[in-house]
Amino acid sequence: MIEPKAFEWNPFAENTYLLADADGNCAIFDPGCYTPAEKQELKDYVDSNGLNPVALVNTHCHLDHVFGNRFVYETWGLLPILHRDEQPLLERYPEVCRMYGIPGAEPSPLPEKYLEDGDIFRVGSIELEVLLTPGHSPASLSFYDKKNGYVLAGDVLFQESIGRTDLPGGDHQTLLQSIRNRLFPLPDETVVYPGHGPATTIRHEKEYNPFL
């Protein structure tokens with residue numbers, strides 16, 4: 001089974017995921033590397049494992065998920081891939097950083113291309129179904145690997161919690177609908193890799209998530 005490699009980075013304890021196929025082709029999801037040490041950790045992991053980064057993907061564009069976009073672009077020449085309705089958040093990223101008092105935020109490069117609900121996104125030999133799961137942000141995307149039995153869910157669904165909806169573009173009822181209509185129909189044994197905190201499963205969240 002191919003599993004994503006997780007890194008917990010930045011002041012928001014965000015999970016960055018690196019997904020690689022058997023040939024070493026890899027995609028970097030939500031690069032949250034903020035400090036020089038975090039950026040070096042990502043590069044060292046890629047180099048030491050002989051990986052070939054082929055894609056930079058943002059599930060959504062809140063600041064903690066795009067801190068490392070420019071670093072990834074400058075290091076491997078990758079432009080972000082996301083849903084087009086997330087681009088306004090991406091463009092406001094430096095402004096939002098200033099609001100939070102976070103120094104040194106350089107603008108992210110703009111997207112190379114966009115993903116839509118139902119697309120099949122390929123990382124080498126790995127196929128991921130793109131699921132539109134808004135509510136935490138205007139057009140957050142989740143990525144479902146049917147063959148390997150997991151979903152990269154961004155900040156939509158956490159272990160016994162859900163994404164916050166009080167940020168611009170968030171909506172509580174929309175988020176609940178996304179989880180119930182797009183994630184909960186996945187097989188119960190599907191592993192959920194969230195944007196913060198530990199992995200969980202669809203079965204666990206159906207049974208124990210107090211928000212649902």
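**Exercise 1. Is Asp47 buried, partly exposed or exposed, and what is its relative accessible area?**

*Solution.*
Step 1. Note the model. It is predicted: local features need pLDDT of at least 70, side-chain atom pairs count only at pLDDT 80 or more, and totals for chains, interfaces and linings use all residues. Residues are numbered from 1 along each chain as its sequence is written, and side-chain values use heavy atoms, with hydrogens and water left out.
Step 2. Set the classes. Buried means under 20% relative accessible area, exposed over 50%, and partly exposed in between (1.4 Å probe, protein chains only).
Step 3. Assign. Asp47 has a relative accessible area of 44%, so Asp47 is partly exposed.

**Exercise 2. Find the salt-bridge partner of Asp47 and place the pair in the fold.**

*Solution.*
Step 1. Apply the criterion: a side-chain nitrogen of Lys or Arg within 4 Å of a carboxyl oxygen of Asp or Glu.
Step 2. The partner is Lys43, with the closest N and O atoms 2.7 Å apart.
Step 3. Locate both. Asp47 and Lys43 sit in helix 1 (residues 36–48), a DSSP run (H or I, at least four residues) numbered from the N terminus. They are 4 residues apart, so about one helical turn separates them.
Step 4. Check the partner's cover. Lys43 is partly exposed at 30% relative accessibility.

**Exercise 3. Analyse the salt bridge of Arg70 with Glu74.**

*Solution.*
Step 1. The closest N and O atoms are 3.7 Å apart.
Step 2. Both residues belong to helix 2 (residues 69–76), 4 residues apart, or about one turn of the helix.
Step 3. Classify each end. Arg70 is partly exposed at 22%, whereas Glu74 is exposed at 54%.

**Exercise 4. Characterise the salt bridge between Arg182 and Asp117.**

*Solution.*
Step 1. The closest N and O atoms lie 2.9 Å apart.
Step 2. Trace the chain. This pair links distant parts, 65 residues apart: Arg182 is in helix 5 (residues 172–183), and Asp117 is in the loop between strand 6 (113–114) and strand 7 (120–123). Strands are DSSP runs of E, at least two residues.
Step 3. Classify. Arg182 is partly exposed at 25% relative accessible area, and Asp117 is partly exposed at 38%.
Step 4. Put the pair in context. The structure holds 7 salt bridges.

**Exercise 5. How exposed is Met99, and which helix holds this residue?**

*Solution.*
Step 1. Met99 has a relative accessible area of 64%, so this residue is exposed.
Step 2. Met99 is in helix 4 (residues 93–99).
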